Amino acid sequence: MAIQAVEVGKMYRLGERESYTALRDVLANLVRGALGRGRGASARAERPILWSLRNVSFNVEQGDTVGIIGRNGAGKSTLLKILAQITRPTEGHIELRGKVGSLLEVGTGFHPELTGRDNVYLCGAILGMTRTEIQKKFDEIVAFAEVERFIDTPVKRYSSGMYMRLAFAIAAHLEPEILLVDEVLAVGDVAFQKKCIGKMGDVSKQGRTVLFVSHNMGAVNSLCRRSIWIHEGKVVADGKSQSVVADYMQAMGSGSLVSTAKGNEPLFIERVVLRNARGEVTDQFDSGDDICLDIEYVANGRINRPNLWVQIANSIGQGVCIANTMFDGHSPDFLEGPGKATCVFRAPRLTPQAYAIWMGTRAADGVTLLSNSKDVAYFSVMGSLNDYGLMGPAADVFLSDFPWPIFPYEWHFPATGKPPVSVEMRAAATARKPD
Amino acid sequence: MQIRPTAGWWDFRLGEVWASRELLWFLVWKDVKVRYKETVIGAAWAVLQPVFTMIVFTIFFGRLAKLPSSGLPYPVFYLAALLPWSYFAGALSGCTNAIVENQRIITKVYFPRLLLPLSVVIAGLVDLAIALVVMVPLLIYYGITPSVGLLLVPAFVLMALLAALAFGLWLTTLNVMYRDVRYVVPFVIQFFMFASPVIYSASAVPARWQWIYGLNPMVGVIEGFRWALTGTGRPPGLIMLASFVAVCACLLFGLVFFSRIDGSVADRI
């Protein structure tokens, strides 16, 4: 048995995670407590509590690869954080056999002023490698990252691609007995996700134990024999991946990807379901796929000529495309009660990375805000620029801070005497090399 | 290995700290390496700071205010105190920020959190060692021979380290809970300096109050440094004992306090 979790629970006091306390507030509470008969003193106890996980028990055999699935906020990441010892559980206990390593985030502990060489040692040590282990693997790490020429340059002068490659190379050479992978935290970097998934395949073939948190149901199905579905902090299903994933997808279709319902808004978005051109519910698209959003809303009463907008934002919160009735003039005559609207983005040439959907509504005057929600749904555009026919030296790197969609363009270099070259992102199927 | 909720008051996990001593050295080495990176004169800063303070003190407290200096030349009197004091002040303020400054690492990877304040107080020793070298020409110039007490300097340094760590654990924990602490600390350090015999000599404090005065561990450390480097004055006996007891108590409760938030620091930060 590699992992044995018994009735694990993690409680948060709401607000505890959001901000630190200022001494001023404490003093104010004390004063208020002294004057107002303990009102302040009981403020802490009154703060609402949230069980992010409750009564979670499961066993994992050594060598198993287990998928952990569930909606955003279901408690998956909390579970990994407890397993990685970043935070301790409030109750219950976990027995672990073997060294734990995590691909929760790469580049942790990098110091920008230090050279690549120094950072390999520092970061390796922080991740739990001994000096001799690092020495032994040093050349391998550097070769894997393809940064030999720059190994004695401070990493602050690295390109983001080099930085990520080196960071990943260190994490990939950790060789723990239990590997924790959180795709959610690695989001925004599809190239990295692919590498993570490849690495996981290798690791599980070597008889190590892998826990894989993911929204990518295809990857879970193909990599993990078994999956655990966590919903609102509890294990709701644990078994063969195929059946758990099928149940989960079923529930997502009838439940929602993300609900923003607060209940008191005049018009609120109950859920947004993403579908591809074939009508399948998914959160994975190829660049150039139609992205179809089913928006289920509830209008309190009849709202005449409301304005709606839907925006696709990249992982650092920059909008990349928008559909807005205030610009196109096609606001619906009215919305009333619960209903469904659909917005289809036709073949957007989005660069491969993670995206979020933001949406909102305004009254007919175009001023009064009826609802406004960021991150109502998430999706990823798969692959790398390579897969879409762009073959430059940087086309396989980290794109999370790359806001631009790529429209077809041409280069003219008359001095070379060569004809103009035109560039565009081609459909993945035609550009992708056969595997 | 077992993961459990924090178990009681005395769950310091010192075994884990010992097991990760290699990481501790890496953190110390990083601190030292990063500190003077891209500065023009590099490690000379470790020397300049106490030397300039010594010059200012010599002019104002010495020449102008004519404070007693136990018969020692003012530059020697002040520098011998400023060396341990600068180390202590730097280590203490570094310790205060040790957890909060590393929140990115703390929320992503587990290692014994105690390594962070520990690495700060150890890295400061490098500066102290460099600065100690300045003492040599100064002693030669004034023709002062150190006493055999010189051999005890490491003990005084260890005491300063433990004192910085003891107070630092309190402050770094408080800093996680209340960010006001970082504004308070420079003031606390200044206050601390007046409560330590940096500007004046410990003999200025009446004999019957000496043991209370000695509860401030820096009293013993600074007096010890003066005695060891210059051979003047008495070795601090009773004061040192009071200091030692105070530091041990403070360190023990600092560890208790620190380990109370150790398990939840990633959630609080």
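Start by selecting Gly143(B), the residue that follows α6(B). Its phi is positive, near 65°. Keep in mind as you look around that this is a predicted model.

Now step back into the helix itself. Select residues 115-142 of chain B, which make up α6. Why check its length? At 1.5 Å a residue, its 28 residues should span 40 Å, and the end C-alpha atoms turn out to be 42 Å apart, so the two values agree. While chain B is on screen, you could colour the chain by confidence: its mean pLDDT is 86, and 99% of its residues reach 70 or more.

**Where the chains meet**

Next, show both chains together. The model scores ipTM 0.85 and pTM 0.72. Across the interface, 36 residues of chain A are in contact with 30 residues of chain B. On the chain A side, try highlighting α1 (23-35), β4 (91-96) and α4 (116-126), each of which supplies at least two of the residues that touch chain B. If you colour that side of chain A by residue type, you will find 18 nonpolar, nine polar and nine charged residues.

Zoom in on β4(A) and pick residues 2-3 of chain B, which form strand β1. These two strands run antiparallel and are joined by two bridges. For a landmark, select Glu95(A), which has Gln2(B) opposite it in β1(B).

**Into chain A**

Hide chain B for the next stop. Chain A holds 11 helices and 19 strands, and 39% of its 435 residues are buried. Of the contacts in chain A between residues at least 6 apart in sequence, 71% join residues at least 24 apart.

Among those strands, look for an open sheet of six, in the order β5-β6-β7-β3-β8-β9, with mixed pairing. Select β5 (100-103) and β9 (234-240) of chain A to see the edges: each has a single partner strand, so one side of each is left without a neighbour in the sheet. Turn the view along the sheet and you can follow a twist that averages 20° from one strand to the next.

Helix α3 of chain A (residues 76-83) packs on this sheet, touching β3, β5, β6 (178-182), β7 (209-213) and β8 of chain A. The direction of α3(A) makes about 150° with that of β7(A).

**Walking across the strands**

Which strand of chain A pairs with β6(A) in the parallel sense over five bridges? Select β7(A) and you have the partner. Leu179(A) marks the spot, with Val210(A) as its bridge partner in β7(A).

Stay on β7(A) and show its side chains. Thr209(A), Leu211(A) and Val213(A) point one way, whereas Val210(A) and Phe212(A) point the other way. Are these residues buried or exposed? All are buried. Five of the five residues of β7(A) are buried, so the strand is largely enclosed by the rest of the structure.

Move on to β3(A), which runs parallel to β7(A) and is joined to it by four bridges. Here Ile68(A) stands opposite Val213(A).

For the last stop, keep β3(A) (residues 65-69) selected and add β8(A) (residues 226-231). This pair also runs parallel, with four bridges between the strands. Centre on Gly67(A) and look across to Ser227(A), which stands opposite in β8(A). As a closing reminder of what you have been tracing, strands of a sheet pair through backbone hydrogen bonds, either parallel or antiparallel.

Definitions and conventions:
Residues numbered from 1 in each chain as written. Chains lettered and ligands numbered in written order. Predicted model: local features only at pLDDT ≥ 70, side-chain atom pairs only at ≥ 80, totals over all residues. pLDDT = per-residue confidence, 0-100. Contact = placed C-beta atoms within 7 Å. Nonpolar A, V, L, I, M, F, W, Y, C, P; charged D, E, K, R; others polar. Pairing = 2+ DSSP bridges. Axes fitted to C-alpha atoms, helices over the stretch in contact; angles between N-to-C directions. Expected span 1.5 Å × (residues − 1). Buried ≥ 20, exposed ≤ 12 C-beta atoms within 10 Å, placed from the backbone.
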